[in-house]
Amino acid sequence: MKKGSKIGLIVGAIILIIAIVGGYFFINDATQKAKIVEEFEEIQKITKSSDFNMDQLNQKTGNIVTSGKYAKVEKAAKTYASDVFSTAFEIRTIIGDEKISKILTADNYESDGPEFTETKQYLSDTKNKIEELKTKMLDIIKEEKINSYIESETQDSYSIELYKELLKKDIEISDTEKNTLEQSIDKVINMLSIEEEVINFLIENKGKWKVQGGQIVFNANDLVVKYNGYITKLRIL
């Protein structure tokens, strides 16, 4: 048998192996990408649920199901998702605090008035916290901030592009949507500010009002007008 025929067989075998290996990596890449997309579809389902809670989300974002460069993309995207929704969840929790809805009630006027020491501290702390979370949220959704999650994981151009493709809608969020988000948070801050004005008004006029029959009663009509003015401002927010 001639040497040339042996060389030809070996070359053919090498070509076959290269083709198989290439095919494996192509399939593997597609599988890994599909896994990431599937993970984020599940994250969307969790966060859009009416009974959404952070435990469910943390379980999903804390579990990396891909490997290699795809794991870096998945980790970066999930860290971003976790930061966005943990911040949103904090804001929702504060706004949903039952205590907020009871600030301007006869029960609170009786229990904490006329100095309202606890109420004033609560309002101040709550406003500061929401302001802090608003700043944090608006920073997170900036394009450069979103991109920083993947850039801190890898400088591989393919991975960065895949990450940007995955979070395309977030990266390209419009100024209108950002303004809507900011305005919705500001509405809560404005509400708390008006409630602070009411409490300060009651402190300044202590001795000129009392709780009677589950309602606040003033001893002068001009005070009634001013108080009702604050309540009207709250209702039209």
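What share of the contacts in the protein chain with a separation of 6 or more comes from residues 24 or more positions apart? In this predicted model, such pairs account for 71% of those contacts. The protein chain contains 11 helices and two strands. Read from the N terminus, its elements follow the order α-α-α-α-α-α-α-α-α-α-β-β-α, with helix α1 spanning residues 3-48. Of the 237 residues in the protein chain, 33% are buried. The accessible surface amounts to about 14700 Å², and carbon and sulfur atoms contribute 54% of that area.

The largest pocket has a volume of about 1000 Å³ and a lining of 33 residues. Those nearest its centre are Gln44, Tyr80, Val84, Phe85 and Asp170. Two or more lining residues are supplied by each of α1, α3 (68-95), α8 (157-166), α9 (168-171) and α10 (175-204). Among the contributors, α3 gives the most, with 10 residues. Classified by residue type, the lining of the largest pocket comprises 22 nonpolar, three polar and eight charged residues.

The second largest pocket encloses about 160 Å³ of space. Its lining consists of 14 residues, and Ser101, Leu104, Thr105, Tyr109 and Ile231 lie nearest its centre. The elements giving two or more residues to this lining are α4 (98-101), α5 (106-112), α10, β2 (215-218) and α11 (221-235). The largest share, three residues, comes from α11. By class, nine nonpolar, four polar and one charged residues make up the lining of the second largest pocket. Helix α10 thus appears in the list of contributors to the largest pocket and in that of the second largest pocket.

Two residues that lie nearest the centre of the largest pocket, Gln44 and Phe85, also take part in the surroundings of Thr47. Thr47 belongs to helix α1 and has a relative accessible area of 17%; Thr47 is therefore classed as buried, the cut-off being under 20%. A polar atom of the Thr47 side chain lies 3.2 Å from the backbone oxygen of Gln44. With residues up to four places away in sequence set aside, Thr47 touches Phe52, Leu57 and Phe85.

Tyr80, another of the residues nearest the centre of the largest pocket, is in contact with Tyr149. Tyr149 is located in helix α7, which covers residues 143-151. Tyr149 counts as buried because its relative accessibility is 10%, under the 20% limit. Apart from neighbours within four places in sequence, the contacts of Tyr149 are Ala76, Thr79, Tyr80, Asp83, Ile140 and Tyr163. The C-alpha atoms of Tyr149 and Ala77 are 7.1 Å apart in space, although 72 residues separate the pair in sequence.

Two backbone features were found in the loop between α5 and α6. The peptide bond from Gly113 to Pro114 is cis, with omega near 5°, and Pro114 is placed in this loop, ahead of α6 (117-140). Phe116 is found in the loop between α5 and α6 as well. Phi of Phe116 is near 55°, a positive value in a residue other than glycine. The relative accessible area of Phe116 is 0%, so Phe116 is buried.

How values were computed. Residues numbered from 1 in each chain as written. Predicted model: local features only at pLDDT ≥ 70, side-chain atom pairs only at ≥ 80, totals over all residues. Heavy atoms only, no water. Helix = DSSP H or I, 4+ residues; strand = E, 2+ residues; numbered from the N terminus. Buried < 20%, exposed > 50% of the residue type's maximum accessible area, 1.4 Å probe, protein only. Polar contact = N/O pair within 3.5 Å; in protein donor to acceptor, adjacent residues only side chain to side chain. Contact = heavy atoms within 4.5 Å. 1 Å grid on protein atoms, 1.4 Å probe; cavity = no way out; pocket = protein on both sides within 12 Å on 5 of 7 lines; lining within 4 Å. Points joined across faces, edges and corners; volume = space filled by probe spheres on them. Nonpolar A, V, L, I, M, F, W, Y, C, P; charged D, E, K, R; others polar. Areas by Shrake-Rupley, 256 points an atom, 1.4 Å probe, with all protein chains shown as cover.
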